[in-house]
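Biologist: I should like to discuss a chain with you before going to the bench. Please display it first.

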Amino acid sequence: MNVIIDCHFHIDETMLTLEKMIEGMDQHHVAKTALIAPMNETMFEVDSTIHHRIQNLFRFLILHVPPIGFPIYDGLVRDGLFNLYGQSYKIFPKPKNDLVAAAIHRFPDRFLGWAAVNPTIPESIEEVEHYLKQPDFIGVKAHPFMHQYSIRALDPVAAMCEAKGIPIIIHLSSEKESYKYLPEHYPKLKVIYAHAGLPFWRKLWTFAKNQRNVYVDTSSDYLTPSIVQEAVDALGYRKVLYGCDGPYGMKQFNQYDYGDKRSWIDSLHIPDHQKEYILGKNFLELIDRF
């Protein structure tokens, strides 16, 4: 089996059971998956031409017309709800890290864990410190987009992660230049920006290229194969991590396809030995598991 780590996967057994997840991992030669607590209520994607066109328009506006794209992006979250395609899903203010711990306990050889934090809830930070004492929790997940806070609210979490030498993975809001804040204030902190640095993308890649400890992952239907290729071209293969953001994007219960996002890496115009770094070696180095 290849050494492949999926660095970004939300656990939600109402969408995908652990047994089915492992079946998909084996089918696509994924040795381990790093799990994250679900951020919102269960949601399935409808396969529709209209939805695909909306997605394409959204990406175009983010890339080419940020003054329009960014407010649309941030507007997906309002009053504790994630609103998508006319449906609303409750956001969980306090991440359910116990679900990740239970999954690791059942299948310790297959799963690692991100300890998710909401810094606006003091007990959330205390809970994260508790989970990080467990050996298979390898870093912290933060979501300024869903939980709607300024990047500066992560100061105590960032300081803790820097001191422990562990990474933090962040789904950014469109707060101006927020992608610069933590690397500039915590230069030894290992930062991964989810979804290739959504919503900043190219500006973030330009910044991150020369930042020693800044990475992006390739997860989510926010991206496309061409965006992933562009990110690798801009940053180099040593600063990109494979991820899928599953089971988001599923169309029906227990039918998640690991091969979809994996195919984005397989199709990159780089040598196979460089793809191996994206598929796992970069992440293993990042969490000191070599």
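The exchange below concerns one residue and one strand.

Modeller: This is a predicted model, in which local features need pLDDT of at least 70, side-chain atom pairs count only at pLDDT 80 or more, and totals for chains, interfaces and linings use all residues. Residues are numbered from 1 along each chain as its sequence is written, and side-chain values use heavy atoms, with hydrogens and water left out.

Biologist: Is L235 buried or exposed?

Modeller: L235 lies in helix α10 (residues 225–235); helices are DSSP runs of H or I with at least four residues, strands are runs of E with at least two, and both are numbered from the N terminus. Buried means under 20% relative accessible area, exposed over 50%, and partly exposed in between, with a 1.4 Å probe and protein chains only. The relative accessible area of L235 is 7%, so this residue is buried.

Biologist: Which residues does L235 touch, not counting those up to four places away in sequence?

Modeller: Contact means heavy atoms within 4.5 Å. With residues up to four places away in sequence left out, L235 touches W205, A208, K209, V216 and V240.

Biologist: How many residues of strand β7 are buried?

Modeller: Strand β7 covers residues 137–142 and is largely enclosed by the rest of the structure. The buried residues number six of the six.

Biologist: Which residue of β8 stands opposite V140?

Modeller: Strands pair if DSSP finds at least two bridges between them. Three bridges join β7 to strand β8 (residues 167–170), and the two run parallel. Opposite V140 in β8 stands I168.
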